[in-house]
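This report goes through one protein chain, from selected residues to overall figures. The sequence and the structure come first.

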Amino acid sequence: MAQIAEHSVEEFVIMNRPTAPLPDGALRATLQPFGHARMLPREAYISDAVLAWERAHLFDGGWVCAGRVDALGEPGSQAAVRVGDTGVLLVRDTTGELRAFANICRHRGHELLACGATNMRGVVQCPYHAWSYELDGRLRTVPRAGHMAHLDHDRLGLLPVRHAEWGGWVFVNVDGRAPAFEEHLGSLAGLAADWECERLVVAATHHYDLRANWKVACENYHECYHCPLIHPELCRISPADSGDNFPLVDGGWVGGFMHLVDEAETMSLDGRSGGVVFRALNDAQRREVLYVNLLPNLLVSLHPDYVMTHRIEPLTPGTSRIECQWLFAPEAVDQPGFDPSYAVDFWDLTNRQDWTAVESVQRGLASARFVPGVFTESEDAVYHFASLLASAYLGGPLLRRATDHTTLV
């Protein structure tokens, strides 16, 4: 199993959040046993107040994927990402340690680096008044300090952010109050271990702007009930009724798996692979694809020869930004003439089919006539996702523990 490294800012406390601005009765309807439960209430998908609560308590207050660790491979590498209401600056220091800070200058609050931007330099410098910091966050220089020469540099360093590394991804918890990352990851660590995600290489990245709430994209990901009508290409390679979803699990994730048809090597338009099968997979794993949502914002699709991720950022109640990446074994990428398009083209087509459907769902949810629907037998993973959210909206953590598995109510 890959080592999980967590870097604490201070002792965390188990959260006891304020509840979300949603009808209590509607949330408890979502928490009813499967077969009797209903979708999350309409306001969860369209309300500015709900999104503000999510930013504060699920994104700033949870473990959010901030990207791949190897994007900051060299000392001096810097990248700024948006997490909830807070910008986070990721920095590789001179010793090779990855650090995370609030993307805020200690002088007047200017962003140290524009969100989405990267940098490579030996210091962190604010572009407003040129206050500069060492790569470990210590205040370095204050230009033209004058009578402020007595400034206590030790108390004016960058504000650290709690972070963890797993599978080659970096996760941040801005408010420092989420349960331990290992608890959030739960049983997913063992399930995904044979894909050795920490050694994989990003070979392609696409960005999508989606006119839908971030949760609608996640719910769509968790079921293939829609696949026969929306994804004919996918169904030729992996039947919509193949595989199964995982029952209640330990951790803050939801997922399932589907099987490949006998003639297919992987998920591609012709079923053939242009890569290399992951070296640690057993025979069963080579014939299936795992689909996992590590809440709130990371979707991980584990294929026999590549891993695809969707990293979701909510922008408004009705819009989201999605970064999609395709990762391969280094020995595949190093082959002469390696071309990831066999995987990229298949999923770019499938993504766009999904976005059309998801945006239509969002328009329906926005209607005042919408009433929360029910879950069919094949939508149990959607139910697990919605019930995790409903529990969090009522003040709980965004995960389940073994002791929670007796009931959802």
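## Two residues with positive phi

Glu196 sits in the loop that runs between helix 5 (188-191) and strand 12 (201-210). The model is a predicted one, and in it Glu196 has a positive phi of about 45 degrees although it is not a glycine. With a relative accessible area of 17%, Glu196 is buried, because buried means under 20%.

Ala130 also has a positive phi without being a glycine; its value is near 70 degrees. The loop that holds Ala130 lies between strand 7 (124-125) and strand 8 (132-133). Ala130 counts as partly exposed, because its relative accessibility is 26% and the partly exposed class lies between the 20% and 50% limits.

## A cis peptide bond

Leu295 and Pro296 are joined by a cis peptide bond, with omega at about 5 degrees. Pro296 belongs to the loop between strand 15 (288-294) and strand 16 (298-302). Leu295 appears again in the next section, where its backbone oxygen is reached by the side chain of His184.

## His184 and Arg400

His184 is part of helix 4 (residues 181-185). Its relative accessibility of 4% puts His184 in the buried class. The side chain of His184 comes to 2.8 Å from the backbone oxygen of Leu295. Apart from residues up to four places away in sequence, His184 touches Trp63, Gly251, Gly252, Leu294, Leu295, Leu398 and Leu399.

Which residue, 216 positions away along the chain, has its C-alpha atom 8.3 Å from that of His184? The residue is Arg400, found in the segment after helix 11 (380-393). Is Arg400 buried or exposed? Arg400 counts as buried, at 9% relative accessibility. Its side chain makes a polar contact of 2.4 Å with the side chain of Ser387.

## His310 in strand 17

A second histidine, His310, is located in strand 17 (residues 307-316). Its relative accessibility is 4%, so His310 counts as buried. The side chains of His310 and Asn351 are joined by a polar contact of 2.9 Å.

When neighbours within four places in sequence are set aside, the contacts of His310 are Asn297, Leu298, Leu299, Ile322, Glu323, Cys324, Asn351 and Trp355. Asn351 is therefore both on this contact list and the polar partner of His310, given that a polar contact is a pair of N or O atoms within 3.5 Å and that contact means heavy atoms within 4.5 Å. From His310 to Gln325 the C-alpha separation is 6.7 Å, at a distance of 15 residues in sequence.

## Gln78 in strand 3

Gln78 lies in strand 3 (residues 77-83). What is the relative accessible area of Gln78? The value is 4%, and Gln78 is buried. A polar atom of the Gln78 side chain lies 3.5 Å from the backbone oxygen of Arg121.

Residues up to four places away in sequence are again left out of the contact list. On that basis, Gln78 touches Leu72, Leu89, Leu90, Val91, Leu113, Ala117, Thr118, Asn119, Arg121, Val123, Val124 and Leu135. Arg121 is thus named both in this list and in the polar pairing of the Gln78 side chain.

## The chain as a whole

The chain holds eleven helices and 18 strands. Along the principal axes, its C-alpha atoms fill a box of roughly 70 × 60 × 40 Å. The radius of gyration is 22 Å, which agrees with the value near 22 Å that a compact globule of 409 residues would have.

Of the 409 residues, 53% count as buried. Among contacts with a separation of 6 or more, 69% are between residues 24 or more positions apart; the pairs of residues in such contacts are thus 24 or more positions apart in 69% of cases.

The exposed area of the chain is about 17400 Å², of which carbon and sulfur atoms supply 51%. The side chains include 33 positive and 52 negative ones. How many Å separate the centres of these two sets? The centres lie 8 Å apart.

Terms used: Residues are numbered from 1 along each chain as its sequence is written. This is a predicted model: local features need pLDDT of at least 70, side-chain atom pairs count only at pLDDT 80 or more; totals for chains, interfaces and linings use all residues. Side-chain values use heavy atoms; hydrogens and water are left out. Helices (H or I, at least four residues) and strands (E, at least two) are DSSP runs, numbered from the N terminus. The radius of gyration is taken over C-alpha atoms; the globule rule is 2.2 Å times the number of residues to the power 0.38. Buried means under 20% relative accessible area, exposed over 50%, partly exposed in between (1.4 Å probe, protein chains only). Accessible areas come from the Shrake-Rupley method with a 1.4 Å probe; for residues, only the protein chains shown count as cover. Lys and Arg count as positive and Asp and Glu as negative; His and the chain ends are not counted. The place of a charge is taken as NZ of Lys, CZ of Arg, CG of Asp or CD of Glu. A polar contact is a pair of N or O atoms within 3.5 Å; within protein, one must be able to donate a hydrogen and the other to accept it, and residues adjacent in sequence count only if both atoms are side-chain atoms.
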